[in-house]
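Reader: I would like to go through this model and ask what stands behind each label. Please give the value and the cut-off in each case.

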Amino acid sequence: MLEEARRGRLRIIGPNCLGVMNPFHGPDGFNATFAAAIARRGNVAFISQSGALCTAILDWSFREQVGFSAFVSIGSMLDVGWGDLIDYLGNDPHTQSIIIYMESIGDARAFLSAAREVALTKPIIVIKAGRTAAAAQAAASHTGALTGSDEVLDAAFARSGVLRVGAIADLFYMAEVLAKQPRPRGPRLTILTNAGGPGVLATDALLTGGGEVAALAPETMAALDGILPAHWSHGNPIDILGDAGPDRYTKALEITAADPNTDGLLVIVTPQAMTDPTRTAEDLRPYARLGGKPILTSWMGGPIVERGEGILNEANIPTFGYPDTAARMFTQMWRYSTNLRSLYETPSLPAGSGKDAPDRDRAGAILAGAREGRRAILTELESKGLLAAYGIPTVETRLARDADEAVAAAEAIGYPVVVKLHSETITHKTDVNGVQLDLADAGAVRRAFRDIEAAVAERASPSDFLGVTVQPMVRLDGYELILGSSVDPQFGPVLLFGAGGQLVEVVKDRALALPPLNTTLARRLMEQTRIHTALGGVRGRNPVDLAGLERLLVRFSQLVVEQPWIAELDINPLLAAPLGDEPGARSLIALDARVVLHPADTLEGELPRPAIRPYPAQYAAPWTAKGGTELLLRPIRPEDEPLMVRFHETLSERSVYLRYFHVISLSQRVAHERLTRICFIDYDREMAIVAERHDPQTGEHEILGVGRLSRTSGAPEPEAEFAILVSDLFQRQGLGTELLRRLLQIGRDEKLRRITADILPDNYGMQRICEKLGFTLRHDPEEEVIKAAIEL
């Protein structure tokens, strides 16, 4: 065991373990100490990068009678990481939630992949040490200066469904409330108290944390008037007065729990002269389950309330010493709940597909040209060309090498115009007076050309001046936004959205996200900023094209993940004009852009990769069925959920039985909770290929078959299991064979060693396909299945 500890392997203690080994470095390089006792049984797994914290938490757990399903201290993480541990505990039937003390993220991609897989069924709660970052290095763009590493970590946790807390106590509070109570469906809390002050404190904590005070329905107010003294608070918090006994508490709780405007309840008891905390707790026991609404309590005091606290805890009603703590835990529950729901909310149809697909060849040529010239910064003209290749609208821009060309460009565009410096070396044009606005005639354009040329010679050097660009003066009365990307050392490319313009680094109204995005994630990113409220329409102004802005963000994220040579990218400003202000005018347009590349001598294998694997477009290819029907076989995506519903409607009971080994009703198969697990996949863990047919007459798309390859966890070598399902309307057309052939090639590309499947003995069609493609088949009499396997 000592040797295991020396190599940095994990240490676990639990009911079946003898002890825990906590390595720490001493004068001899290594010492080991053993805990005096083992952890109690429980359903919470605790993982820590601090051995000393482990021993402290272990000692605390004995006093508080807290049990664990696993208690893990990680050493130097040489051969085990967060992803390994989360995968293991995600499959552990004794673990209901996972709490983590983290000092470093390690393999960010493995952590996010495992967390996204497990967090949907088991809460993962993290406290991350080191919120304060070292001074940021100088960045060549606003995005680089605005992106802080801790904010990136917050974005990563949110994207993977992990709840981050700020205090060690909150780790265990959240593990307790999520284990005992359902997650709230909304942010509205009703507070029931026998004292005004604690109710006010709880309200402050609730609102500060992003929750809402529930507005009681008229029928609730009337019912409370019928049971409460005349001087009750007549509002929320519901102050039922200091002489409230157990009967008044339970009646008020029963009424408020039925209020449709309430998403959760907090019951506060202060030990006043006529208060009976123990009997009140006893009478609250039947209300531990309130029809999907969580109930939290705060029994304030010391020895007087201890018995009541014990009764509530035994009834699975969480109790807290202070009401503001309880309110804060409710907002954390709501934040966790809404984040999980938004992660699996079906997006709209994807941008950048079909006729809207990006011109990747054009984008690649622009970047290759700059790299061949050993340049790290694209010109404005190149930057806008790059954006245009991905369908991001830009203002018309023309290059002029001398004053005459500038005048000719201005007259072709139409006055008034803007003239900007064209340079391959200067990134911030305003620093050298390189932008001249609202030029109304040829004379003004000529003067602007000369002034910019002179300013560059004075403030930089004449060689930095390569001419100017000319573009129309855009007069739309809109909002200036910033859209950017930079590279985080741990998580790779990071996206930024917020209020733009010249004061962008002063205002600092922005939010971060990890690419790639879909329309739902794009909307959630925008909702985190203050400018989003204005974009939705305020003070009589029309809203901007929010749906169009979502699609633009999706295309931008696609550009970032598909072009890894980009180190930093700014669109500032991106002008968003209210709809209807100028009929026919483009409401979203990039007025300026800046692109910084990685050094030209960087090896391709050293380029940062996204922390979340993007859509594997390389696996999409057309195929023609036996009858001549043209299909597109491509990886599945979240937007396919409606198509998958219609696909399942075409399946017979026999097809369902042969695929799932038992009959599943249509309503079960198309439930959103189930289809999210089918359509929202982690391409590092599994690959699903759908066969899509497009009807050119109706424009409708339909899915005719699905092939899935799922990695086998815990296998000694990389292997996966396949499954195939074809619509009854399209069977015996060769689609099943083609889907399996594609899955085999994907397995080779993904460096799998083996692919397997379990097939029912009477599924002769699938057995013939497997034999044709080289699988070996073996009948297993114990499981009553045919075992198919092929070595890659």
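Author: The model is predicted. Its chain has a mean pLDDT of 87, and 91% of the residues reach 70 or more.

Reader: What are the lowest and highest confidence elements in the chain?

Author: Strand S2 (residues 21-24) is lowest, at a mean of 32, while helix H26 (residues 735-749) is highest, at 97. Over residues 1-11 the pLDDT is below 50, and the model has 33 contacts for this stretch beyond near neighbours in sequence. Residues 133-148 also stay under 50, with 40 contacts beyond four places in sequence.

Reader: Why are H19 and H21 called roughly perpendicular?

Author: Helix H19 (residues 519-527) and helix H21 (residues 546-562) pack at an angle of about 110 degrees. The label covers 65 to 115 degrees, and H19 and H21 are therefore roughly perpendicular to each other. Their axes are 8 Å apart.

Reader: Which residues of H19 and H21 meet?

Author: From H19, the residues are Thr519, Ala522, Arg523 and Met526. From H21, they are Leu546, Leu549, Glu550, Arg551, Leu553 and Val554. Contact here means heavy atoms within 4.5 Å.

Reader: What makes up the contact of H19 with H21 by class?

Author: The contact has six nonpolar, one polar and three charged residues. Arg and Glu count as charged, so Arg523 in H19 and Glu550 and Arg551 in H21 fall in that class. Thr is not listed as nonpolar or charged and therefore counts as polar, which places Thr519 there.

Reader: How many cavities of 30 Å³ or more does the structure hold, and what makes a space a cavity?

Author: There are two. A 1.4 Å probe fits in a cavity but cannot get out. The largest has a volume of about 110 Å³, and the second largest about 80 Å³.

Reader: What lines the largest cavity?

Author: It has 14 lining residues, of which Leu378, Glu380, Ile426, Thr427 and Lys429 are the closest to its centre. Helix H15 (380-389) and strand S24 (593-597) each give two or more residues to the lining, and S24 has the largest share, with three. By class, this lining has six nonpolar, five polar and three charged residues.

Reader: How many polar residues are in the lining of the second largest cavity?

Author: That lining has five nonpolar, no polar and six charged residues. The charged ones are Arg613, Asp684, Arg685, Glu686, Arg711 and Glu750. Tyr683 is in the lining too, and Tyr counts as nonpolar. Strand S27 (686-694) and strand S28 (701-711) give two or more residues each.

Methods:
Residues numbered from 1 in each chain as written. Predicted model: local features only at pLDDT ≥ 70, side-chain atom pairs only at ≥ 80, totals over all residues. Heavy atoms only, no water. Axes fitted to C-alpha atoms, helices over the stretch in contact; angles between N-to-C directions. Helix = DSSP H or I, 4+ residues; strand = E, 2+ residues; numbered from the N terminus. Parallel < 35°, antiparallel > 145°, perpendicular 65-115°, else oblique. pLDDT = per-residue confidence, 0-100. 1 Å grid on protein atoms, 1.4 Å probe; cavity = no way out; pocket = protein on both sides within 12 Å on 5 of 7 lines; lining within 4 Å. Points joined across faces, edges and corners; volume = space filled by probe spheres on them.
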